[in-house]
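Biologist: Could you walk me through this model and tell me what stands behind each label you put on it?

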Amino acid sequence: MSQRTLEVHWGGHHRNFLEGLNKQLEKSDILYGYTFDELVKATYYNGNPLTEFNNTARVST
């Protein structure tokens with residue numbers, strides 16, 4: 001991968017997911033301090049994903 005590819009991927013995608021997740025977690029006392037794996041499991045919510053699930057799953061990959 002080129003440096004440009006990594007910059008576009010980080011700047012356009014990954015960073016947005018991370019920032020979105022951080023904003024969601026700021027509002028949640030329950031999910032604060034969870035690892036990514038714990039967040040994925042907790043936000044999947046038995047097949048009915050919470051809004052945090054999408055950002056968590058994309059950041060952790």
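Modeller: Happy to; we can take the labels one at a time, and please keep in mind that this is a predicted model.

Biologist: Let's begin with the overall layout. What makes up the order of elements from the N terminus on?

Modeller: The elements run α-α-α, as the protein chain has 3 helices and 0 strands. Along the principal axes, the C-alpha atoms fill a box of roughly 40 × 25 × 15 Å.

Biologist: Why is L25 called buried or exposed?

Modeller: The cut-off for buried is under 20% relative accessible area. L25 has 17% relative accessibility, so L25 counts as buried. This residue is found in helix 1, where the buried residues are H14, G20, L21, Q24 and L25. Over the whole protein chain, buried residues make up 21% of the 61 residues.

Biologist: Which residues does L25 touch, not counting those up to four places away in sequence?

Modeller: L25 touches L31 and L39. A contact here means heavy atoms within 4.5 Å. As for the wider group, the buried residues of helix 1 pack against helix 2 (36-44) and helix 3 (51-59).

Biologist: Where is the kink in helix 1 centred?

Modeller: The kink is centred on W10, and its angle is about 40 degrees. Helix 1 itself covers residues 3-26. Further along that helix, here is a spacing you can check on screen: the C-alpha atoms of R15 and L25 are 15 Å apart, with the two positions 10 residues apart along the chain.

Biologist: Now the packing. Why are helix 1 and helix 3 called oblique to each other?

Modeller: Their packing angle is about 140 degrees, and their axes are 9 Å apart. Roughly antiparallel needs an angle over 145, and roughly perpendicular covers 65 to 115. An angle of about 140 degrees fits neither, and helix 1 and helix 3 are therefore oblique to each other. Their crossing is left-handed.

Biologist: Which residues of helix 1 and helix 3 meet there?

Modeller: From helix 1 they are H14, F17, L18, G20, L21 and Q24, and from helix 3 they are T51, E52, N54, N55, T56, R58 and V59. Sorted by class, this contact has 4 nonpolar, 7 polar and 2 charged residues. Gly counts as polar in that scheme, which is worth remembering when you look at G20.

Biologist: And what makes helix 2 roughly antiparallel to helix 3?

Modeller: The axes of helix 2 and helix 3 come within 9 Å and cross at roughly 150 degrees. The cut-off for roughly antiparallel is over 145, so helix 2 counts as roughly antiparallel to helix 3. Helix 2 passes helix 3 in a left-handed crossing.

Biologist: Which residues make the contact of helix 2 with helix 3, and how many fall in each class?

Modeller: Helix 2 brings F36, L39, V40, T43 and Y44, while helix 3 brings E52, F53, T56, A57 and V59. By class, that contact has 7 nonpolar, 2 polar and 1 charged residues.

Biologist: One last item: what share of the contacts joins residues at least 24 apart?

Modeller: The share is 41%, taken among contacts in the protein chain between residues at least 6 apart in sequence.

Conventions
Residues are numbered from 1 along each chain as its sequence is written. This is a predicted model: local features need pLDDT of at least 70, side-chain atom pairs count only at pLDDT 80 or more; totals for chains, interfaces and linings use all residues. Side-chain values use heavy atoms; hydrogens and water are left out. The bend at a residue is the angle between axes fitted to the seven residues ending there and the seven starting there. Helices (H or I, at least four residues) and strands (E, at least two) are DSSP runs, numbered from the N terminus. Buried means under 20% relative accessible area, exposed over 50%, partly exposed in between (1.4 Å probe, protein chains only). Axes are lines fitted to C-alpha atoms, for helices over the stretch in contact, and angles run from 0 to 180 degrees between N-to-C directions. Angles under 35 degrees count as roughly parallel, over 145 as roughly antiparallel, 65 to 115 as roughly perpendicular and the rest as oblique. A crossing is left-handed if the near helix is turned anticlockwise from the far one by less than a right angle, and right-handed if clockwise.
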